[in-house]
Amino acid sequence: MPVPETIAQPGSGVETDTGPGRPQPVTEVLRPHAEHAFADELAALAAADDRPRPTRWRLSPWAVATYLLGGTLPDGTVVTPKYVGPRRIVEVAVTTLATDRALLLLGVPGTAKTWVSEHLAAAVSGDSTLLVQGTAGTPEEAVRYGWNYARLLAEGPSRDALVPSPVMRAMAQGMTARVEELTRIPADVQDTLITILSEKTLPVPELGQEVQAVPGFNLIATANDRDRGVNELSSALRRRFNTVVLPLPATAEAEVDIVARRVEQLGRSLELPALPEGVDEIRRVVTVFRELRDGVTTDGRTKVKSPSGTLSTAEAISVVTGGLALAAHFGDGVLRPADVAAGILGAVVRDPAADRLVWQEYLETVVRERDGWKDFYRACREVSHDAR
Ligand SMILES: Nc1ncnc2c1ncn2[C@@H]1O[C@H](COP(=O)(O)OP(=O)(O)OP(=O)(O)O)[C@@H](O)[C@H]1O
Ligand SMILES: [Mg+2]
C-alpha cells in the first residue's frame, strides 16, 4: 500500500514529515507529538544526563524514567510527570526496552497505555511516530512492508518499489516501533511479529533480501484487557514480550491529580480559561466514577451497582474538559455542577435501559444524601429528566 511521505501540502502551514527522517517541529497543530510538546524537557534531560545510554538511545534509562515520572534536574529544570503511578512499573518498562524483549502494555481502557507508549518512544528514540494502529483489518503489509504498485509494475520488484512499514523502518534505523491494540489484529498478522522479535530480521523474499534490525530497535505494543479474546495473543508471541500491566489509579487523590493535570493541558491547547475553582467538580466526577466502578461508596458503607461503561480516568478527563468548554462558551467561565452533569450522564448511561436504572438508583441513594452535593444532585436530576 503506497503511503505518502508527507500528508500536508507544502506551504499549508502544517508540514509534518511522517517519512523515515525525524519529524520536523511544527508550530501549530492540534495535538503535537510528545517529542515536540516536551522538546524542552527532553533537551534539558539529555544535557543533564551523564549515565550510560544504550546504543542509539537519546537518553539513559534513568533519564527516560525521570521524563515519565517527573522530577527536578540539578540545573533546576522541572520535568513534569507524564505518568502518575507506581515508579516500579515505569522502571520495568524502560528496562525491558533496553533488553532484547519487546514491551507489552496491558490494562483496562483509559489506563494510559497509549500515552505511556508514546512518551517512552519519544524519550528513547526521539520519535513516537513509527506507529502501527491495530484494527480487525490491519493487513500484513502494515507490519511488514508493502509495494508502490506503479513502480512495481513499471520496474518490477526493487528496493525502491518497496514501501516499508513503520516496524521495518524502526528495525533499519534502530528506533522504537509502536503497535497499538495488538489483540485486535488478526492472529496471522500478529504472528508476523514473531520472526521480527525473535530473529530480529524481516525477510523480503521478493528481493531475496532481508532487513536486519540494528541495535536500538525495540517494540512497544498496547492491548486492552477488556478486548481479551478478540484475537488473543498466541503463546509463541506472548513469550517475546515482557508484559507490564498498567493499573487504574490507586487512590482518588491520584486520579484527581491526573485529571486536573490533563484537563489543564488540554484546556490550554483548546484555549479554554484556566479554572482553579473547578477542582471541586473534578473531585466530584472522580468520586462518582470510582464509586460506580468499584460498586461501593468511598466510605465503604453502601453497595452500588456498576454500569456497563468503563468509566475510566480518560473518560473523567473528557467529561471535565467538556464541562469546561460549556462553562467557557455558555456559562460564566466557572465550572459548575450543571456543566459536568450531562457529560457524566453520557459516560454512565451507555445502555439506555439498564444503565439508566443504575444511575437513578445511585443518584437517589448516594448523591442525594451527601453533604454539600445538593446542587450537584439537582443538576444531575435535571439532565436525567431532560434526557428521558
Ligand atoms: N496513571 C495515569 N497517569 C497519567 N495520565 C493518565 C493516567 N491514567 C490515564 N491517564 C490519561 O488518560 C488519557 C487516556 O489514556 P490512553 O488513551 O493512553 O489510555 P489507553 O490505556 O490507551 O486506553 P484504551 O485502552 O482505550 O486505548 C490520557 O490523556 C492520559 O494522560
Ligand atoms: Mg490506547
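Modeller: Domain bounds come from an automatic or database domain assignment. This is a predicted model, in which local features need pLDDT of at least 70 and side-chain atom pairs pLDDT 80 or more, while totals for chains, interfaces and linings use all residues. Residues are numbered from 1 along each chain as written, chains are lettered from A and ligands numbered from 1 in written order, and side-chain values use heavy atoms, without hydrogens and water.

Biologist: Why is ligand 1 said to lie between domain 1 and domain 2?

Modeller: Domain 1 (31–245) and domain 2 (252–386) both give residues to the shell around ligand 1, so ligand 1 lies between them.

Biologist: What makes a residue count as near ligand 1?

Modeller: One of its heavy atoms must lie within 4 Å. There are 17 residues around ligand 1, and Val 84, Gly 110, Lys 113, Thr 114 and Trp 115 come nearest.

Biologist: How do you know that Lys 113 makes a polar contact with ligand 1?

Modeller: A polar contact is a pair of N or O atoms within 3.5 Å. A side-chain N or O atom of Lys 113 is 2.7 Å from an oxygen atom of ligand 1, therefore the pair qualifies. Backbone N or O atoms also lie by ligand oxygens, at 3.1 Å for Thr 111 and 2.8 Å for Trp 115.

How values were computed:
A polar contact is a pair of N or O atoms within 3.5 Å; within protein, one must be able to donate a hydrogen and the other to accept it, and residues adjacent in sequence count only if both atoms are side-chain atoms.
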